[in-house]
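Subject: Structure for you to look at

Hello,

Here is the structure I promised to hand over. Please open it and keep it beside this email while you read.

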Amino acid sequence: MIELDYIEIDGLLYPNIALDDEELYSDLGKYGNLRLKYLHEQKSEMYRELLFSGKLARHCDYMEKSAFDMAERIRGQYLEQNPPPLEDTLARIQVFTLAQDIADECVLHDLIYK
């Protein structure tokens, strides 16, 4: 059981919960925010445990960095195997978009939504 401090306001007791590392929350990118939302909505027990232990922001920041690195690696590998054409701009954009979509799908499946 987690012990909490309480604050009395107008005769009512409220748990004294402060966000850990508030600046990390504002610096979270796409993947970190997706992880935070997933934990909050789907893994509420893990979310509360990380929040109350003061590790939620660091966990989401770590996931952001790991996911970004993984996406970069996957995108690079895809582009090596499927080089975009130099002369056709639209086809070039399509190859880069597909590479990003594949990287996002892998990252979301393997890291964010686990």
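A residue is called exposed when its relative accessible area is over 50%, and buried when that area is under 20%. Asp 10 has 78% relative accessibility, so it counts as exposed. Keep those two cut-offs in mind, as they come back below. One caution before we go on: this is a predicted model.

**The whole chain**

The protein chain has 5 helices and 2 strands. Reading from the N terminus, the order is β-β-α-α-α-α-α. Its radius of gyration is 20 Å, well over the 13 Å that the globule rule gives for 114 residues, so the chain is more spread out than a compact globule. The C-alpha trace spans about 70 × 25 × 20 Å along its principal axes. Buried residues account for 32% of the 114 residues. Now take the contacts between residues at least 6 apart in sequence. Of these, 61% join residues at least 24 apart.

**The N-terminal end**

Back to Asp 10. You will find it in the loop between strand S1 (6–9) and strand S2 (12–15). Its phi is near 55 degrees, a positive value in a residue other than glycine. Most residues other than glycine have a negative phi.

Glu 3 comes in the segment before S1. At 75% relative accessibility, Glu 3 is exposed. What is the C-alpha separation between Glu 3 and Phe 52, which are 49 residues apart along the chain? The answer is 9.4 Å.

**Two helices that cross**

Next, look at H2 and helix H3 (residues 44–53). Their axes come within 5 Å and cross at roughly 115 degrees. From H2, the residues that meet H3 are Arg 35, Leu 36, Leu 39, His 40 and Gln 42. From H3, they are Ser 44, Met 46, Tyr 47 and Leu 50. By class, this contact of H2 with H3 has 5 nonpolar, 3 polar and 1 charged residues.

**The cores**

Which residues make up the largest nonpolar core? There are 11 in all: Leu 24, Tyr 25, Leu 28, Leu 36, Leu 39, Tyr 47, Leu 50, Leu 51, Leu 56, Ala 57 and Cys 60. Helix H1 (22–27), H2, H3 and H4 each supply at least two residues of this core. Another core, of 8 residues, lies apart from it. Among its members are Tyr 31, Ala 71, Ala 103 and Ile 112. As background, nonpolar side chains in soluble globular proteins tend to be buried together.

**Along helix H4**

Three residues in H4 deserve a stop.

Start with Cys 60, which sits in helix H4 and belongs to the largest nonpolar core. Is Cys 60 buried or exposed? Its relative accessibility is 0%, so it counts as buried. Leaving out residues up to four places away in sequence, Cys 60 touches Leu 28, Gly 32, Arg 35 and Leu 36. Cys 60 and Leu 50 are 10 residues apart in sequence, and their C-alpha atoms are 10.0 Å apart in space.

Asp 61 is also placed in helix H4 (residues 56–81). Asp 61 is buried because its relative accessibility is 16%, and the cut-off for buried is under 20%. Not counting residues up to four places away in sequence, Asp 61 touches Leu 24 and Leu 28. By that same count, Leu 24 touches Ala 57, Arg 58 and Asp 61.

Arg 75 lies in helix H4 as well. At 14% relative accessibility, Arg 75 is buried. Setting aside neighbours within four places in sequence, Arg 75 is in contact with Ala 99, Gln 100 and Ala 103. Ala 103 is one of the residues of the 8-residue core.

**The aromatic pair**

The structure holds 1 aromatic pair. Tyr 38 and Tyr 113 form it, with 5.2 Å centre to centre and 55 degrees between the planes, and the pair is tilted. Why does this pair tie together parts that are 75 residues apart in sequence? Because Tyr 38 lies in helix H2 (residues 30–42), while Tyr 113 is in the segment after helix H5 (89–112). Tyr 38 is buried, with a relative accessible area of 15%. Tyr 113 is partly exposed, at 40%.

Happy viewing.

Conventions: Residues are numbered from 1 along each chain as its sequence is written. This is a predicted model: local features need pLDDT of at least 70, side-chain atom pairs count only at pLDDT 80 or more; totals for chains, interfaces and linings use all residues. Side-chain values use heavy atoms; hydrogens and water are left out. Helices (H or I, at least four residues) and strands (E, at least two) are DSSP runs, numbered from the N terminus. Buried means under 20% relative accessible area, exposed over 50%, partly exposed in between (1.4 Å probe, protein chains only). Contact means heavy atoms within 4.5 Å. Rings of Phe, Tyr and Trp (its six-membered ring) pair if their centres lie within 6.5 Å; planes under 30 degrees apart count as stacked, over 60 as edge-to-face and the rest as tilted. Axes are lines fitted to C-alpha atoms, for helices over the stretch in contact, and angles run from 0 to 180 degrees between N-to-C directions. Ala, Val, Leu, Ile, Met, Phe, Trp, Tyr, Cys and Pro count as nonpolar, Asp, Glu, Lys and Arg as charged, and the others, Gly among them, as polar. A nonpolar core is a set of buried Ala, Val, Leu, Ile, Met, Phe, Trp, Tyr and Cys residues joined through side-chain atoms within 4.5 Å. The radius of gyration is taken over C-alpha atoms; the globule rule is 2.2 Å times the number of residues to the power 0.38.
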